[in-house]
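Student: I have a model open and would like to learn how to read its features one by one. Where should I begin?

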Amino acid sequence: MTEAEDKTVSLLAALWLRVRPIVEERLATLELAAAATPLTEDLRKEAASSAHKLAGSLGMYGYDEGTRIAREIELLLDSAAPDLKRLSGLIAELRGAVFPDA
């Protein structure tokens with residue numbers, strides 16, 4: 001690895017430490033939506049926004065699978081009556097893809 005590549009990896013690792021709490025917060029929003037009965041329109045929209053933001057940012061940190069799953073969650077939440085069981089499964093997949101050691 002070149003010195004420039006090493007610096008890039010170090011910079012991304014430092015940025016990830018700052019962004020991780022935001023990712024956790026967005027995952028918590030998704031989990032709240034999946035557990036809601038009934039899922040209100042406001043919470044569905046908030047969860048869809050969280051999924052959209054995750055889909056847009058996770059790839060930058062090397063979590064390409066997380067981006068794919070978050071995009072699938074976003075699409076699911078864009079429907080008027082999302083399948084909450086499917087949503088819960090996708091959220092668990094997303095958490096595992098982003099935080100495999102947790």
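Tutor: Begin with how helix packing is described. An axis is a line fitted to C-alpha atoms, for helices over the stretch in contact, and angles run from 0 to 180 degrees between N-to-C directions. Keep in mind that this is a predicted model.

Student: At what angle do the axes of α1 and α4 cross?

Tutor: The two axes cross at roughly 165° and come within 9 Å. Angles over 145 degrees count as roughly antiparallel, and therefore α1 is roughly antiparallel to α4. The crossing of this pair is left-handed.

Student: Which residues of α1 and α4 make the contact?

Tutor: On the α1 side they are W16, V23, E24, L27, A28, L30, E31, A33 and A34. On the α4 side they are L84, L87, S88, I91, L94, R95 and V98. Sorted by class, the contact has 12 nonpolar, one polar and three charged residues.

Student: Before going further, how many helices and strands does the chain have?

Tutor: The protein chain has four helices and zero strands, and its pattern along the sequence is α-α-α-α. A box around its C-alpha atoms, taken along the principal axes, is roughly 50 × 25 × 20 Å.

Student: How do α1 and α2 pack?

Tutor: Their axes are 9 Å apart, at an angle of about 145°. The crossing of α1 and α2 is left-handed. From α1, the residues V23, R26, L27, T29, L30, L32 and A33 take part, and they meet L43, E46, A47, S50, A51, K53 and L54 of α2. This contact has nine nonpolar, two polar and three charged residues.

Student: T29 and S50 appear in that list. Is T29 buried or exposed?

Tutor: Buried means under 20% relative accessible area. T29, in helix α1, has 13% relative accessibility and so counts as buried. Apart from neighbours within four places in sequence, T29 is in contact with L43, E46, A47 and S50.

Student: And what is the relative accessibility of S50?

Tutor: S50 sits in helix α2 and has 8% relative accessibility, so S50 counts as buried too. Its contacts, with residues up to four places away in sequence left out, are R26, T29 and L30.

Student: What lies in the loop between α1 and α2?

Tutor: One residue there is P38. When reading a loop, look at the peptide bonds as well as the side chains. Here the bond from T37 to P38 is cis, with omega near -5°.

Student: How should I read a nonpolar core?

Tutor: In soluble globular proteins, nonpolar side chains tend to be buried together. In this model, the largest nonpolar core has 26 residues, and V23, L30, I73 and L94 touch the most other members. The elements giving two or more residues to this core are α1 (3-35), α2 (41-57), α3 (64-77) and α4 (84-98).

Student: Where is I73 found, and why does it count as buried?

Tutor: I73 is found in helix α3. Its relative accessibility is 0%, which is why I73 counts as buried. Not counting residues up to four places away in sequence, I73 touches L30, A51, L87, L90, I91 and L94.

Student: How do I compare position along the chain with position in space?

Tutor: Take pairs of C-alpha atoms and look at both values. I73 and L12 are 61 residues apart along the chain, and their C-alpha atoms are separated by 25 Å. W16 and M60 are 44 residues apart along the chain, and theirs are separated by 9.6 Å.

Student: What does W16 touch?

Tutor: W16 belongs to helix α1, and at 11% relative accessibility W16 counts as buried. Leaving out residues up to four places away in sequence, W16 touches V23, L58, Y61, Y63, V98 and F99.

Student: How is this summed up over the protein chain?

Tutor: Two percentages serve for that. Of the 102 residues, 32% count as buried. Of the contacts between residues at least 6 apart in sequence, 61% join residues at least 24 apart.

Note on methods: Residues numbered from 1 in each chain as written. Predicted model: local features only at pLDDT ≥ 70, side-chain atom pairs only at ≥ 80, totals over all residues. Heavy atoms only, no water. Core = buried A, V, L, I, M, F, W, Y, C linked by side-chain atoms within 4.5 Å. Buried < 20%, exposed > 50% of the residue type's maximum accessible area, 1.4 Å probe, protein only. Contact = heavy atoms within 4.5 Å. Parallel < 35°, antiparallel > 145°, perpendicular 65-115°, else oblique. Left-handed = near helix turned anticlockwise from the far one by under 90°. Nonpolar A, V, L, I, M, F, W, Y, C, P; charged D, E, K, R; others polar.
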